[in-house]
Amino acid sequence: MSVTKTQTGITPAGTQQEAVCWSCKAPSGGGHFCAACGKIQPLSREADYFAFFALPQKLQIDESSLEQRFHQLSWKLHPDNFVRASEYERNLALERSSELNDAYRTLRDPISRVEYLLLRAGVRKEGTTKQQAPPELLEEVFELNESLDELREAKSEGLPAGAGGDLTELRAKLTEAQANFQEKLAEVDAELKAVFAEWDDVPVGIEGDAARKSVMAKLNELLNRRSYIRNLVRNVGIELEQG
Amino acid sequence: MGKTVGIDLGTTFSLVAYIDTAGKPQCISGPWGATLCPSVVSLDADGKIVVGEAARQLLLTQPERTIYSVKRLMGRGVEDIRDELKIFPFRIDENSRNVIRARLGDKYFTPSEISAFILRELKSWAEDFFKDAVDRAVITVPAYFNDAQRQATKDAGRLAGLEVLRLVNEPTAAALAYGLHKQRRGRVAVYDFGGGTFDISVLKLISSAEGDIYQVLATNGDTHLGGDDIDNALFAMISADISAKFHFDVRANPEAAQQLRKVLIAAKHQLSDFEHTTIGFELPDGRTYLREFPRADFDKLVEPIVMRTMGPVKMALADAKLKPSEIDEVVLVGGSTRIPLVRKIVGDYFGRAPHAELNPDEVVALGAAVQADILESGVKNMLLLDVTPLSLGIETMGGVVAKLIPRNSTIPASAQELFTTGVENQTGIDIHILQGERELAQDCRSLARFQLKVPPAPAGLARVEVKFLIDANGILQVAARDLRTGEQSSIEVQPSYGLTDAEMEKMLEESIEFAEQDFAQRQLIEARVEADTILNATVKALAREEAQSLPLAERADIDSAVRNLRQAVAGTDYKLVRQRIDELNRATEHLAEIGMNKALQAAVGGKRIEEL
C-alpha cells in the first residue's frame, strides 16, 4: 500500500457552470476533457454517476449501450494513456478512471442503481436497512424462524437414532420455504421494475416534486422489503448447506 | 532513457521478454541459452550473489546458502508461513515481524531483496541482448495476489533499479499474448497453474472501433498452490518409501534431499510425455533406490492437489455469472498444465479441449512485453480492464468488516467513507483496512492500520472523508480530507505486512552494494578488456617489419588513435571507449591488411598446394 499525501485532484471551490481548465484557463465545458485544449479535468465534487455517463437520472437504462459507453470512456480515461503525463494529470486520470469504474459498477446493476439514486437524494442511508418483517409476511417469517431454530437444535444435539426422519422432514420444509421466499423476491423485483417506469415518467422540475417524493418512498419501501427477504433466503441457504 | 521489458517473476522460473522489430513478443535467452531463469538465489562463499541456473547447481552443493520459491514468502508475515516451513527449507529469522527475513549463509534478506536479485539477473540478460540499459519494466503477479504481495513485488522492482510501469496479472497477460496470437473473441477462461500459484480468470474479449478490449469479468485463485505442492507430495511419498526400505532419512540430509527433489521433478516431467518412468536415486552411502512409477500412480497422488483448483474455478464462473458451457475458449498457462491429468480435468469441466498452442512457460512474459510496449510507445490498440481479486473493507464495531470495494471490481476502483469522533476531544480515529471475503476482521487479511488526526472538538463534530483507491496495479492508496476545513489530513500508514518507507530507503541504499553488475559498469569492464586487446595487437603490429612500409600520415593517425583510446580507458565512459575502439580499428585497417597478407603468405608459403 502506498499513501498519497498530495492533493488528489479535488476541485477547488467553484461551480460547475464556470469550470475553468487548470491548464489553458479557458472554460473547460465541464466534461471529462477540456473543450479548448483537451487536457483531462479534475472531478467536480457535485457530479454524480448519471452525469458521468451524460445520462439523465432515470432508472430504466439500456445495459448494452451503457456497457458500450463504458468501453468508450475506458479507452480515453484509463491510466494507460497517462503513463508519460505529468504527475498531476496521472492523478486526475486515476481519479477519473476509478470514478468511471465505480459509476459503471453501480449503474449496471438495477438494485445498486436505485439504491444510489435514493442515497444521493438523502432518502436512504448507507448500511442502515430496517430489519423489520413486512407485516404481510409476519406469519410466514415466524414459521420459517421456528423451523430454522428446530434445525439448529437438531444439529447441535447431533443425530440421535431415529431422528434422521425428522431432520429430513425439516430440511424439506425449509427448502420449500426457501423456494417460496425466492418467489417473493422475484415478485418484489417485478414490482420494482414497474416503479422504475413510474419514476422515469415523473415530470422534471417543480411540478414533479410531489410525485417524485412519493415514488421515492415507494422505491425505498420495496428495497427494504427486498433486502429483508434476501437475508432470509440467504440464512436458510447457509443453514441448509452447513448440514 | 533505456529500454523497457516485460518480466514474469515466477515461483520456480522467471523470464524476460520484449517486442521485436516486427511487433512480435519474444523471450530473451540468458547466458545458458535458455529463456527460463530458475528463480533460485545463492550466496557463494565469497559473499557474491549467484542467480539462476548457476544457483540451481549450488542448491545441490550448498543448500544452506541457497533459496528457491521465494515468491511464496512475498508480502507475508512469519505466522503465515509456519506450515510452509515444514515443507520448504526456508531459514527464517525468528525475529522477523512485518516482513520476513530469510537467511542465506550469514546474511539475512527480505523476500523483496531476494526477488530483486532475480530481477537484476533478468535485467542484465536483456541489457546484454540490447547492448543498452534497461530501466523500466512491466512485472506480472498472480491475479490472486493481495495488496501486500503486490507491494512487495513492486518494491523488488525498485530495488533492482527498475521503474515498475505496471503490475499485470499473470492470466491477463497470458490472455493478451493469446489474443494477439489468434485474434480471439468472446468469453475466455485462463487456467494458470504454475510452480507456486494458481489463478483462474474469466475474460470477455471485445472488438471496438478503437481496438480490442480485454475485460476481466472475475478472477479467483490460491496463491499457495502449484507444482511445488506436487513435488512435495512426491517427495513425501518417495522419502517415506526410502526410509522404509533403507532406513535412511532423506530429510535429515539437505544435500541428499535436494538431489532427490531434482530426480523427482525430472520424473514428473517425464510423466507428462510418457506413460511410465523409473525413479532412481543413489543414497549417500552408495546404495541405490529404484522404483517403477507408472503415470496412473502419479495421477492418483496428485489428483487431490489438482482438484483443489476447481473450487476457485467454480467461484470465478459464479462471480462472472456464467456456466462452464458459456465459455468459448479455455487457455492453459503455467508449467503444471503440462500434466495430462490437469488437461483432462479442465477439459471435462468446460466440455471442450483447452488451448495450449503457446509455450505455457513463456506466454505470461510475452503478454507482459505486449503491455510494456503499449505503455512505452503510447500507441494503443488494446486495453486491459482488470479487476481486484479481493474485497476491500474496514473494521467496524465488534470486529465486523464493512466492505467498501467488492471483489472483481474493475480497477482503478475507489470508495469514500466519512468518519467522525465518538468521544469529546478525541484527537484520533483508528482505521483498520482489510482485504478478504470473510465477515470478521480476524478472518481477513490485515493490510494496514492508521490513525486519522482530528483537532479536539465535541463528539461527532469532526468530519473526515477517507478515500480508498485501488490503482491499476491493484495497490491501495489512501487519502484523507477534513471536510470542515477542506484540507488534506496527514496520515501515517503502518503496513501490516511490508516495508515502511524508511526500511525501503535503507534497502535502496544497501542494494547499491549489489549493483556492481549495473549495465554501465559491466559495459565499461567489457569495453576496457576489448580496448586492451586491440591496443596490444596494434603495438605488436607496429613493431613488425612490414609496419615500416606504412605512409607517415597513416602512422600518425594510428598513434593518435592509440593515445585517444588510452585516455578513454582511463575514464569511465564506456561509450567513449567504444567510439575510440572503432576509431582505432578504422585507423589500423590498412595495417591489419598488410599484416594479414604477410601472415597468409607465411602460412601458404610453407605448405604444398594439395595440403590447402
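Two residues are in contact when heavy atoms of theirs lie within 4.5 Å. With that in hand, chain B can be described by its contacts. Among those between residues at least 6 apart in sequence, 66% join residues at least 24 apart. The structure shown here is a predicted model.

Start with chain B as a whole. Chain B holds 16 helices and 27 strands. Its C-alpha trace spans about 100 × 70 × 55 Å along the principal axes. Chain B has 612 residues, and 57% of them count as buried.

Chain A has another make-up. It has seven helices and one strand. Read from the N terminus, its elements run β-α-α-α-α-α-α-α. Of the 243 residues in chain A, 41% are buried. Take the contacts in chain A with a separation of 6 or more. Residues 24 or more positions apart account for 65% of these.

Now look at where the chains meet. The size of an interface is often given as the accessible area lost when the parts come together. Here chain A and chain B bury about 3,300 Å² between them. Carbon and sulfur atoms carry 53% of that area. Chain A brings 30 residues to the contact, and chain B brings 48 residues.

Specific pairs link the two chains as well. There are three salt bridges between chain A and chain B. One of them joins B:Lys204 to A:Glu67. The closest N and O atoms of that pair are 2.6 Å apart. There are also 10 residue pairs in polar contact between the chains, with both residues at pLDDT 80 or more.

Which elements of chain A give two or more residues to the side that touches chain B? They are β1 (2-3), α2 (63-77) and α3 (87-108) of chain A. Of these, α3(A) gives the most, with eight residues. By type, the residues on this side of chain A divide into nine nonpolar, 13 polar and eight charged.

Back inside chain B, two helices show how buried residues are arranged. The helix α9 covers residues 310-319 of chain B. Its buried residues are B:Met310, B:Pro312, B:Val313, B:Ala316 and B:Leu317. They cover an arc of only 160° around the axis, so they sit on the same side of α9(B). What do these buried residues pack against? Their partners are the strands β12 (186-193), β13 (198-207) and β14 (212-222), and the helices α8 (295-307) and α10 (340-350), of chain B. After α9(B) comes B:Lys321, which has a positive phi, near 55°.

The second helix is α12 of chain B, residues 501-511. Its buried residues are B:Met504, B:Met507, B:Leu508 and B:Ser511. Seen down the axis of α12(B), these fall within an arc of 105°, and therefore they line one face of the helix. The other side of α12(B) has exposed residues: B:Ala502, B:Lys506 and B:Glu509. The buried residues pack against α3 (111-130) and α4 (147-159) of chain B.

Helix α4 of chain B leads to the next stop, because B:Gln149 is placed there and is buried, with a relative accessible area of 4%. Which residues is B:Gln149 in contact with, leaving aside its neighbours within four places in sequence? They are B:Met74, B:Gly75, B:Arg76, B:Tyr144, B:Thr223 and B:His224.

Another buried residue is found in a strand. B:Glu329 belongs to β17 (residues 329-333) of chain B. Is B:Glu329 buried or exposed? Its relative accessibility is 15%, and the cut-off for buried is under 20%, so B:Glu329 counts as buried. The side chain of B:Glu329 makes a polar contact with the side chain of B:His355, at 2.4 Å.

End with a residue in a loop. B:Thr21 lies between β2 (13-19) and β3 (25-27) of chain B. Its relative accessible area is 89%, and the cut-off for exposed is over 50%, so B:Thr21 is exposed. B:Thr21 and B:Leu552 are 531 residues apart in sequence. In space, they are 46 Å apart, C-alpha to C-alpha.

Methods. Residues numbered from 1 in each chain as written. Chains lettered and ligands numbered in written order. Heavy atoms only, no water. Buried area = accessible area lost by both parts, 1.4 Å probe. Salt bridge = Lys/Arg side-chain N within 4 Å of Asp/Glu carboxyl O. Polar contact = N/O pair within 3.5 Å; in protein donor to acceptor, adjacent residues only side chain to side chain. Helix = DSSP H or I, 4+ residues; strand = E, 2+ residues; numbered from the N terminus. Nonpolar A, V, L, I, M, F, W, Y, C, P; charged D, E, K, R; others polar. Buried < 20%, exposed > 50% of the residue type's maximum accessible area, 1.4 Å probe, protein only. Arc of directions from axis to C-beta.
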